[in-house]
Amino acid sequence: MWIPRASSVGQLMAYPDKNTLPDGAISYLEKELSKQVLDWEDEMDFATLEKGREVEDLSIELYNDVRFTAYKKNAERKTTDLLTGECDIDDEQNSLIIDIKSAFSKKSFPVVLRIGGRKGYEWQLRAYMHLWDRDNAQIAYTLVDTPFHLIGRDPEDWHIVGHINPALRLSTVDLTRCAVKEEQMINRIRLAQDWMNEELDKRGIAK
């Protein structure tokens with residue numbers, strides 16, 4: 001069965017109160033269908049993706065320094081019949097999920113962070129809250145030094161940031177679990193799965 005990643009759920013969620021798949025969701029599903037049928041994956045922006053991997057611990061360390069916490073990276077992936085995802089931090093005691101995002105440079109770091117200003121992030125957090133059964137979630141954008149081999153043609157000044165006050169290199173936004181929106185998300189995922197299963201059936205491909 002096709003199961004969407006938490007990070008991609010936002011691509012299904014235009015007009016969440018509607019009981020139909022919007023055009024944008026169908027376009028996304030058509031691409032996912034192509035991946036299933038032809039066995040291919042998207043090429044990601046290598047430098048941005050690689051920085052996120054290489055500085056993950058530094059980004060969590062920055063968060064801990066600013067917020068006086070002692071978080072460690074979550075290594076557990078949760079998968080149900082609806083969703084799959086691996087959150088960055090699970091604070092069970094405070095019923096809180098934190099998703100750490102490492103900005104590539106000063107230029108891409110959001111000094112002001114709003115849920116509505118970052119497409120899909122609300123639904124990614126709602127997916128994590130559903131998977132981990134938590135009441136609260138947070139996106140935390142960090143800005144840490146970029147490894148030199150990834151800077152490329154950008155000005156070096158955009159990437160060497162350790163001298164800047166750590167509190168200025170952390171932007172967060174919080175979200176509270178909402179039963180109505182969670183039900184909308186679950187309903188939309190089921191519609192998407194029905195669409196995908198029907199298209200795979202037409203092509204004689206096992207789900």
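**Note on the predicted model**

1. Aromatic pairs. The count of aromatic ring pairs comes to four. Tyr63 and Tyr71 form one of them, a tilted pair with 5.9 Å from centre to centre and 45° between the planes. Both tyrosines, Tyr63 and Tyr71, are buried. The structure discussed here and below is a predicted model.

2. Helix α3. Tyr63 belongs to the buried residues of α3, which are Ser59, Ile60, Leu62, Tyr63, Asn64 and Val66. What do the buried residues of α3 pack against? They pack against β3 (89-91), β4, β5 and β6. The length of α3 (residues 56-67) can be checked: at 1.5 Å a residue its 12 residues should span 16 Å, and the end C-alpha atoms are 17 Å apart, which agrees. Just after α3 comes Phe68, with a positive phi of about 55°.

3. Strand β4. Seven of the seven residues of β4 are buried, so the strand is largely enclosed by the rest of the structure. Its two faces are both covered. Leu96, Ile98, Ile100 and Ser102 are buried on one side, and Ile97, Asp99 and Lys101 are buried on the other.

4. The hairpin before it. Strands β3 and β4 pair in the antiparallel sense over three bridges. Within this pairing, Asp90 has Ile97 of β4 as its bridge partner. The two strands, β3 and β4, form a hairpin with four residues between them, and Ser95 in the turn has a positive phi of about 50°.

5. Strand β5 and its partners. In which sense does β4 (residues 96-102) pair with β5? The pairing is parallel and runs over seven bridges. Two points along it can be located in the model: Lys101 stands opposite Tyr141 in β5, and Ser102 has Thr142 in β5 as its bridge partner. β5 also pairs with β6, in this case in the antiparallel sense and over seven bridges. There, Gln138 stands opposite Asp174 in β6. Six of the seven residues of β5 are buried, so this strand is largely enclosed by the rest of the structure.

6. The largest nonpolar core. In soluble globular proteins, nonpolar side chains tend to be buried together. Here the largest nonpolar core has 40 residues, and those with the most contacts inside it are Val9, Leu12, Leu29, Leu83, Ile139 and Met185. Two or more residues each come from α1 (23-38), α4 (121-132), β5 (136-142), β6 (170-176) and α6. Which of these gives the largest share? It is α4, with eight residues.

7. Ile139 and the second core. Setting aside neighbours within four places in sequence, Ile139 is in contact with Asp99, Lys101, Leu113, Ile115, Tyr121, Leu125, Ser171, Thr172 and Val173. A second core, separate from the largest one, has 13 residues, including Leu62, Tyr71, Ile89 and Leu96.

8. Helix α4. Why can α4 be called largely enclosed? Because 11 of its 12 residues are buried, α4 is largely enclosed by the rest of the structure. The buried residues include Tyr121, Trp123, Leu125, Tyr128, Met129 and Trp132, and among them are also Glu122, Gln124 and Arg126. For length, the 12 residues of α4 should span 16 Å at 1.5 Å a residue, and the end C-alpha atoms are 17 Å apart, which agrees. Asp133, just after α4, takes a positive phi of about 55°.

9. Helix α6. The same check applies to α6 (residues 179-202): its 24 residues should span 34 Å at 1.5 Å a residue, and its end C-alpha atoms are 35 Å apart, which agrees. α6 is followed by Gly204, whose phi is positive, near 65°.

10. Thr84. This residue is found in strand β2 (residues 84-85). Is Thr84 buried or exposed? Its relative accessibility is 12%, so Thr84 counts as buried, the cut-off being under 20%. Leaving out residues up to four places away in sequence, Thr84 touches Ile3, Pro4, Arg5, Ala6, Arg77, Lys78, Thr79 and Leu131.

11. Cysteines. How many disulfides does a search of the whole structure find? The search finds zero. Cys87 has a relative accessible area of 0% and is therefore buried. Cys178, at 25% relative accessibility, counts as partly exposed.

Notes: Residues are numbered from 1 along each chain as its sequence is written. This is a predicted model: local features need pLDDT of at least 70, side-chain atom pairs count only at pLDDT 80 or more; totals for chains, interfaces and linings use all residues. Side-chain values use heavy atoms; hydrogens and water are left out. The expected span of a helix is 1.5 Å times one less than its number of residues. A nonpolar core is a set of buried Ala, Val, Leu, Ile, Met, Phe, Trp, Tyr and Cys residues joined through side-chain atoms within 4.5 Å. Buried means under 20% relative accessible area, exposed over 50%, partly exposed in between (1.4 Å probe, protein chains only). Contact means heavy atoms within 4.5 Å. Two strands pair if DSSP finds at least two bridges between them. A disulfide is a pair of cysteine sulfur atoms within 2.5 Å. Rings of Phe, Tyr and Trp (its six-membered ring) pair if their centres lie within 6.5 Å; planes under 30 degrees apart count as stacked, over 60 as edge-to-face and the rest as tilted.
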